[in-house]
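Got your viewer open? Let's take a short walk through this model, one selection at a time.

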Amino acid sequence: MRVSAQFSWCKGRFEAGFWFAMPALLLIALFFFVPVLAALALSFTDFDIYVLGDFSTLRFVGLSNYIRIMHDPLFWLALRNTLYFVLIGGSLSVVFSLVVALLVNHGLVRLRGLFRTLLFLPVVTTLVAIAVVWRYLYHQRYGAFNWLLEQFGISPVDWLGDIHWAMPAIILMAVWKNFGFNMIIFIAGLQSIPERLYEAARLDGAGALAQFRYITLPLLFPTFLFVSVITMIGYFQLFAEPYLMTQGGPSNHTLSLGLLMFNEGFRWWNMGYASALAFVLFIIILMVTLIQARLGKIVRTRQ
Amino acid sequence: REHAEPVVVVDFWALGREGEVVRQLVPEFERTHPGIKVKVQQIPWSAAHEKLLTAFAGRVMPDVFQLGNTWLPEFVALKAIHPLGEQVSRSNDLPLDDFFSGIVDSNRVETRLYGIPWYVDTRVLFYRKDLLTQAGFDRPPATWEEWMDMMEHVKRLDSARYALLIPMNEWQLPVILGLQLGAHLLKDNNCRGDFESPEFRQAFRFYREIYRRELAPALAESQIANLYQEFANSYFSMFITGPWNIGEFRHRLPAELQEQWATAPMPAPMAGTAGLSLAGGASLALSAASAKKAEAWQWIEFLSRSEQQAAFYRLSGDLPVRRSAWQDEILAADDKAAAFRQQLEAVVSLPRIPEWERIASRLAIALERAIRDGASDDEVLSELDRDVDRILEKRRWLLEHRS
Amino acid sequence: MNLKKLFAGIAVHAALVVVAFFATGPLLWMLSASLMPDMAATRLPPLLWPETINPAHYRTLFSQLNLLRYMGNSFILAVAVTLLSLLFNSLAGYAFAKLHFAGRSAIFRGLMAAMVIPGQVAMLPLFLMLREMGLVNTYLGVIVPGMASIFGIFLIRQYARSIPDALLDAARIDGASEWRIYWSLVLPLCRPILVTMAVFSFMGSWNDFMWPLIILTDDSLYTLPVALAGLMGEHAQDVELMMAGAVITLLPVMLVFLSLQRFYIQGLILGSLKG
Amino acid sequence: MASITFEHIAKIYPNSHNAIKDFSLSIDDGEFMVLVGPSGCGKSTLLRILAGLETATSGRILIDNEVANELTPQTRNIAMVFQDYALYPNMTVRGNLEFPLKMRGLPRAAIRSKVEEIVQLLNIEALVERLPKELSGGQRQRVAMGRALVRNPRAFLMDEPLSNLDAKLRTQMRSEIGELQRRTGATMIYVTHDQVEAMTLGHRIAVIDQGCLLQVDTPSRLYRYPANPFVAGFIGNPPMNLFNGAAFVRNGDINISLGSQQILAAQVVPGAMSITQLAQQTTVGIRPEALHLWQEGDINRLTGRVDLIEHLGHETLVYFTLDDDAGAPDTMHRAAVARIPGNIEARTGSTMAFGVASAAITLYPA
Amino acid sequence: MASITFEHIAKIYPNSHNAIKDFSLSIDDGEFMVLVGPSGCGKSTLLRILAGLETATSGRILIDNEVANELTPQTRNIAMVFQDYALYPNMTVRGNLEFPLKMRGLPRAAIRSKVEEIVQLLNIEALVERLPKELSGGQRQRVAMGRALVRNPRAFLMDEPLSNLDAKLRTQMRSEIGELQRRTGATMIYVTHDQVEAMTLGHRIAVIDQGCLLQVDTPSRLYRYPANPFVAGFIGNPPMNLFNGAAFVRNGDINISLGSQQILAAQVVPGAMSITQLAQQTTVGIRPEALHLWQEGDINRLTGRVDLIEHLGHETLVYFTLDDDAGAPDTMHRAAVARIPGNIEARTGSTMAFGVASAAITLYPA
Ligand SMILES: Nc1ncnc2c1ncn2[C@@H]1O[C@H](COP(=O)(O)OP(=O)(O)OP(=O)(O)O)[C@@H](O)[C@H]1O
Ligand SMILES: Nc1ncnc2c1ncn2[C@@H]1O[C@H](COP(=O)(O)OP(=O)(O)OP(=O)(O)O)[C@@H](O)[C@H]1O
Ligand SMILES: [Mg+2]
Ligand SMILES: [Mg+2]
């Protein structure tokens with residue numbers, strides 16, 4: 001009896017926390033988790049346009065959507081493209097932003113704030129608008145890139161139309177759009193390394209390279225991991241860039257899993273199939289994240 | 001005084017430029033139909049299909065909507081469209097025999113009429129007279145053979161240019177060529193793909209040949225920055241496209257070129273056969289969910305009148321679906337439109353099943369594979385048929401299920 | 001040694017200028033092309049600057065396309081999403097950081113794991129669900145999924161953890177209620193991260209294309225990017241007009257960012273890495 | 001102001017750490033009670049239980065003889081000054097001072113006049129419009145005190161309020177706190193690690209270890225008669241020297257052998273051990289200042305080898321190791337320190353002799 | 001090891017703050033030099049200039065009589081122990097200790113044996129594979145020292161290395177540092193705020209204020225003969241009492257009047273003031289421990305009203321205000337403190353008399 005009474009005030013705080021978290025949790029549950037579960041359920045049916053017109057034509061198909069995915073050449077193509085984008089685009093994105101962050105954070109830089117802002121600007125832009133610009137920059141005859149190439153005597157490249165160049169073009173644009181965000185996080189990471197350590201290292205006889213190798217790199221590793229995971233998760237969901245720039249072409253060479261899912265889901269209303277695709281994507285991302293986390297742990301314990 | 005009368009608002013979705021233009025017909029309608037107001041909303045073509053489907057799924061369909069007639073079967077399957085047979089037969093202003101028959105056919109699904117054609121859209125050949133003359137020809141091609149020959153000659157004028165522009169991922173041209181040869185595209189009651197048929201193979205071969213000989217640039221639609229400028233620059237001299245471009249060419253090409261371009265019906269596979277083209281265009285459909293069907297029908301009926309068709313032509317350049325409307329003085333005098341008038345008597349429609357758009361998108365993929373990746377015909381077409389069979393699985397099941 | 005420093009400084013700045021040009025070049029060119037007369041951008045060799053400033057495309061956009069209305073829609077939606085998400089996320093983020101309730105850490109771990117789920121998974125059923133709720137084609141339908149976000153809760157929690165417990169205890173002892181503590185103490189203290197989140201949400205909402213495209217059917221409700229996408233479909237040939245449309249779409253969000261960038265970046269720097 | 005009683009308080013944290021064990025202590029109205037004890041012994045926990053920020057697992061808290069266990073912190077009306085002041089960084093000094101009154105719903109005029117009064121009391125008129133970050137450490141401390149004082153609480157709790165200050169400011173603030181408490185007659189519970197603060201401020205000092213109350217007494221009695229070796233070793237700086245020894249009574253004297261050296265203790269210190277408890281094994285405590293340079297006539301003589309000399313100016317600390325011919329086992333604590341006034345010189349390694357008064361020796365059961 | 005000389009060093013920071021002003025100081029090879037001074041006086045700046053982390057605006061740094069101004073920190077071969085240790089958090093203790101040797105390109109075997117040696121010297125064998133975050137404060141401190149010691153630098157600089165430790169550990173580390181320096185005979189420059197550290201560790205202490213060197217001398221001389229009131233007030237805790245007085249020579253004695261009270265000083269303290277400088281206005285310094293309870297026979301007698309008594313156990317601090325019948329102006333410092341051994345009782349407000357030896361009075365020009 002006494003125990004219950006004693007917790008009365010504690011309950012006050014308990015309840016405050018509960019009520020504070022409740023609205024957001026409810027919203028997330030309702031508008032995220034419920035649809036996700038529903039999608040999971042849908043992925044075992046053949047929900048399609050006929051079902052939309054007449055619900056009685058809905059069939060439970062078990063795993064056959066997933067089996068079909070495994071046999072769908074478009075899926076494999078899209079997976080290949082997506083992996084290409086994640087691996088090449090993701091690492092470029094991370095490495096480039098790291099390099100730029102190092103530059104911006106360099107001790108000799110004047111007007112650091114200005115550079116930081118300018119470099120962050122692409123992050124803020126609207127993709128739809130930016131796609132207009134980039135489609136034009138990539139234009140085979142009038143685009144700036146080919147004009148530049150021409151100055152060096154290189155023959156023009158059909159950036160968005162050539163199966164070899166379309167994905168690199170998408171990657172370049174994605175890097176342009178996203179590096180600023182990672183750069184800021186890297187700058188934060190760099191700034192959290194105490195100046196003391198560099199001073200100590202200098203006294204210990206370390207030159208600029210040794211300082212980078214033994215202080216900056218290892219201490220930036222957690223940031224690096226964070227940025228890689230975030231970038232990777234985001235890049236796996238690639239959709240808007242190819243949707244706006246190439247519609248997946250040429251010959252589906254920029255068709256990403258996200259775009260394939262959108263096409264199946266919202267263009268053809270094969271909701272069952274699209275949901276199954278979504279879960280396959282989810283499982284891939286989950287696995288890669290786990291691998292990354294594991295790798296991170298290994299590297300960290302090695303250090 | 002006016003507010004005493006209850007006003008019914010009819011929601012109307014029109015696509016693309018039509019959406020802009022049709023607004024100008026509304027005052028006349030509202031004047032002659034007191035008590036009905038029309039609210040026009042414009043939907044961009046690029047998002048139209050998704051948009052209509054989501055609107056249906058979201059149960060926010062308008063009362064009347066424009067839709068490409070290739071989409072009609074899909075919306076019929078969805079039970080989104082109210083059949084119009086009864087209304088047409090009751091109407092005293094809609095003699096179906098005044099409409100081009102190929103177009104009307106494309107609005108039927110299993111013999112029932114679901115849409116009233118609004119304007120027609122078929123594809124003909126646009127060409128530069130001066131360049132053809134330079135290459136030694138004084139008239140447009142009538143047969144495939146002539147056509148190929150002409151293109152070769154044009155290409156020889158300047159190898160940096162091309163003879164023909166066909167956006168590589170557009171499926172229409174090979175389909176037209178196939179239909180001209182009598183290909184069915186689908187078989188077994190439209191339940192399986194038939195792209196491996198000899199007719200389609202032949203058409204496909206011809207189509208590839210154009211690229212193989214570099215008579216057309218391998219460009220996707222989105223890569224063509226300024227079509228009109230390129231046409232004016234002689235970057236290409238032939239172009240297969242629809243009537244909307246008559247207006248655009250007139251508007252955008254420099255004045256000195258206006259005399260130098262012309263239109264012609266599609267070439268035929270061989271002399272004596274018809275140079276068929278696609279029965280395209282847009283129709284007006286009445287939403288099955290509409291609560292204002294009577295008023296909505298009046299709006300459809302209004303737009304289908306001969307004089308409104310003519311008026312609409314003048315505003316938009318969209319070609320009328322009624323032969324009587326072609327007697328409009330401007331239209332009759334338009335030499336560039338004449339080719340369309342001729343072509344419209346020889347149009348056929350595509351398979352009328354909901355899956356056609358998906359099949360067409362697969363076809364587009366197949367075309368890109370063939371032209372860009374250089375996959376063989378066999379490979380591409382059998383793959384296509386397999387894809388199509390898979391797409392039609394549910395249709396087969398439904399048909400079995402019903403019987 | 002000083003000479004070496006000088007060279008290093010020059011090299012670093014040169015590299016930065018190149019990168020800055022890479023970052024801003026497309027934007028500058030967009031602005032420049034939007035001011036060129038028709039077809040000037042598609043000439044060989046390409047023009048870098050308009051020979052004469054020609055605002056005609058902007059006039060066209062505003063007169064023909066009802067851009068003000070789209071801009072207004074975008075603005076209303078972005079502001080609503082921003083304010084609501086700030087409220088809900090900060091409440092939850094603070095609760096996860098500082099208040100105790102049953103299952104707190106379990107729930108939080110669950111949320112973290114769910115960050116991996118691609119958003120597109122939920123899109124289709126969410127659409128059907130909102131249909132059942134009658135929210136298709138309403139502002140609310142656009143706002144509702146953005147009202148709370150896991151990432152937002154996470155960011156605010158990371159930041160709120162740095163608030164000393166003693167401060168909250170002091171307020172309790174001074175007689176403040178839990179709500180009062182949140183309102184008068186936690187919110188002001190979290191200002192940097194709130195500004196960051198605000199720009200974040202505003203940006204996200206303003207730039208979002210997919211969801212409004214799907215959920216809004218009535219064009220009087222369209223947002224600027226949706227309208228611009230429509231424009232792209234209809235006027236793809238008018239490069240200069242498109243550029244003007246792009247400029248107009250980008251301008252407001254850029255202004256918001258530039259006016260808040262100091263706080264925004266600071267908040268990101270403070271908030272991003274503490275966990 | 002109010003009297004405060006802890007009655008058999010125990011606190012077990014959710015991680016099942018038993019931070020407070022059967023703790024009972026009465027604090028009079030107007031008393032200045034100092035809590036000392038090693039880090040983690042539960043001092044803060046006690047204050048937090050009293051303030052209502054934690055709940056006791058068992059036992060009762062009485063404020064003015066009324067059970068307060070069930071009250072929320074808002075209603076207990078107790079003021080607390082936190083170690084890091086916990087000033088609201090988003091409010092000015094005035095805002096900070098007004099906050100508790102606002103929360104209690106006082107009318108604006110009353111708030112204004114009350115704050116005015118406190119501002120004058122603490123001499124911070126010039127600071128009222130500043131933000132906490134614009135104040136120096138000592139000024140912050142005063143504002144924190146002001147925020148507690150402004151509302152006439154029933155008691156003040158202070159958790160190491162001076163630990164963040166530098167030595168000079170600390171001395172100054174220390175006397176200000178003492179002065180304030182004398183003036184207002186407030187009941188005060190004060191946690192500190194600082195010997196000087198504890199000795200100079202408290203009416204009584206409570207020594208706590210591992211959640212148990214070891215001894216509570218006035219500073220001087222605590223210093224002179226520590227109840228056990230822990231308290232003896234905790235109070236005083238350097239702390240009391242503690243040796244393992246053997247004791248036995250002979251001729252009414254208490255004989256103590258420290259290894260091979262012998263000394264006499266005059267008496268058994270009250271509170272430490274009764275004469276009958278004397279056993280072979282005893283802990284022998286001698287304060288560093290009880291050791292002086294040996295001079296003729298001293299009864300007790302202890303010799304040792306000098307390890308280290310620290311000159312502090314006014315006094316010298318001599319660290320030495322007790323000589324032991326018998327080679328006593330290592331377990332006998334032989335290291336010791338003597339505090340000698342003034343400046344003496346001695347070589348490290350040399351042997352020194354110290355005298356110690358019999359009365360200054362404390363004995364505890366080993 | 002090396003000797004170090006600062007020659008007319010000045011440092012103006014980019015924000016035009018003049019942190020060091022014409023600073024000259026010679027440190028012998030093997031000397032333990034302690035720098036003290038109020039916060040912000042420039043101690044850290046001096047160390048950083050010496051280490052090469054900052055450049056002097058003017059003046060010369062000599063290491064072993066060679067000008068070192070232009071050398072990079074890497075080449076000066078000076079070791080520094082930072083206040084917060086600055087251990088590399090990503091390396092184990094071994095990694096930290098190996099780092100300076102690796103950077104100097106020593107062969108692996110040499111590194112290994114050198115590290116082994118240091119590990120044993122510092123008694124941290126058990127810790128070598130741990131990361132810094134797995135160490136306690138004192139252990140970290142030892143590793144930081146080890147990282148400095150491992151490479152035979154020409155001098156050690158230590159910037160408040162103990163300020164983060166608690167009192168007990170601090171005492172322990174203090175003696176370890178002293179011990180180490182004695183053993184290795186290293187040249188050492190040590191910055192501290194702590195009186196005890198300064199007094200016990202330094203061979204000499206340099207007192208700095210606002211970038212200027214005020215006095216440098218051995219601890220005991222500094223304590224006994226502070227060169228000016230600032231040093232006098234800075235060294236000692238509680239610091240020396242400083243009064244405004246008037247002085248004049250009569251009959252060979254120095255007569256001092258403090259308000260209405262008179263005392264005699266025996267002599268003028270060397271280094272403070274010459275007898276001929278004596279003037280009417282003088283600052284009179286008396287250390288708290290120089291004041292004792294007055295007893296018959298004392299030459300000098302000062303009376304005052306007791307303000308506060310602080311019992312510290314082994315001694316009592318008596319805060320009092322000098323009596324002044326003449327009602328001297330407020331500007332005369334009359335507040336004083338006396339340090340009386342043992343426990344004395346006195347009521348606040350009562351009057352007490354103190355004796356002071358003539359020799360313990362220091363005079364400075366006012
Ligand atoms: N919220 C908690 N949960 C679990 N254990 C806790 C909690 N708070 C404190 N403890 C533990 O309870 C014991 C007493 O903690 P308390 O803070 O009261 O110590 P303290 O005497 O104030 O120490 P210090 O002098 O270091 O402040 C410590 O061992 C501590 O680790
Ligand atoms: N990088 C700098 N730029 C400008 N002023 C500085 C810089 N570093 C220190 N100062 C100023 O120079 C003066 C001396 O600083 P320094 O760090 O040497 O003081 P310190 O004696 O070490 O003080 P503390 O005991 O507080 O550590 C201070 O007033 C400080 O504000
Ligand atoms: Mg505590
Ligand atoms: Mg310093």
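Start by selecting Thr57(A), which sits in the loop that links helix H2 (49-53) and helix H3 (64-71) of chain A. Keep in mind as you look around that this is a predicted model. Is Thr57(A) buried or exposed? Thr57(A) is buried: its relative accessible area is 7%, and the cut-off for that word is under 20%. Now show what is around it. Leaving out residues up to four places away in sequence, Thr57(A) touches Asp46(A), Tyr50(A) and Val51(A), plus Lys394(B), Trp397(B) and Leu398(B) from chain B.

Next stop: chain C. Colour it in two pieces, domain 1 (3-56) and domain 2 (66-236). If you mark the C-alpha centre of each domain of chain C, the two points lie 35 Å apart.

Now bring chain A back alongside chain C. Here 95 residues of chain C are in contact with 91 residues of chain A. Together the two chains bury about 8000 Å², with 86% of that on carbon and sulfur atoms. Try selecting Leu16(C), Phe22(C) and Leu124(C): on the chain C side these lose the most area to chain A, yet together they make up 8% of what that side buries. How many salt bridges are there between chain C and chain A? The count is zero, while six residue pairs are in polar contact, both partners being at pLDDT 80 or more. Then highlight helix H1 (residues 2-34) of chain C, which gives 17 residues, the largest share of the side that touches chain A. Colour that side by class and you'll get 78 nonpolar, 12 polar and five charged residues.

Last stop: hide chain C and show chain E with chain A. In this pair, 18 residues of chain A are in contact with 23 residues of chain E. They bury about 1800 Å² between them, 60% of it on carbon and sulfur atoms. Select Leu203(A), Asp204(A) and Tyr214(A), the residues of chain A that lose the most area to chain E, together 39% of what their side buries.

Stay on Asp204(A) and look across to Arg151(E): the two form a salt bridge, with their closest N and O atoms 3.7 Å apart. Four salt bridges are found across this interface, along with nine residue pairs in polar contact (both at pLDDT 80 or more). To finish, pick helix H9 (195-203) and helix H10 (208-236) of chain A, the elements that give two or more residues to the side touching chain E. H9(A) gives the largest share, seven residues. By class, that side of chain A has 10 nonpolar, four polar and four charged residues.

Technical notes:
Residues numbered from 1 in each chain as written. Chains lettered and ligands numbered in written order. Predicted model: local features only at pLDDT ≥ 70, side-chain atom pairs only at ≥ 80, totals over all residues. Heavy atoms only, no water. Contact = heavy atoms within 4.5 Å. Buried area = accessible area lost by both parts, 1.4 Å probe. Salt bridge = Lys/Arg side-chain N within 4 Å of Asp/Glu carboxyl O. Polar contact = N/O pair within 3.5 Å; in protein donor to acceptor, adjacent residues only side chain to side chain. Helix = DSSP H or I, 4+ residues; strand = E, 2+ residues; numbered from the N terminus. Nonpolar A, V, L, I, M, F, W, Y, C, P; charged D, E, K, R; others polar. Buried < 20%, exposed > 50% of the residue type's maximum accessible area, 1.4 Å probe, protein only. Domains from an automatic or database assignment.
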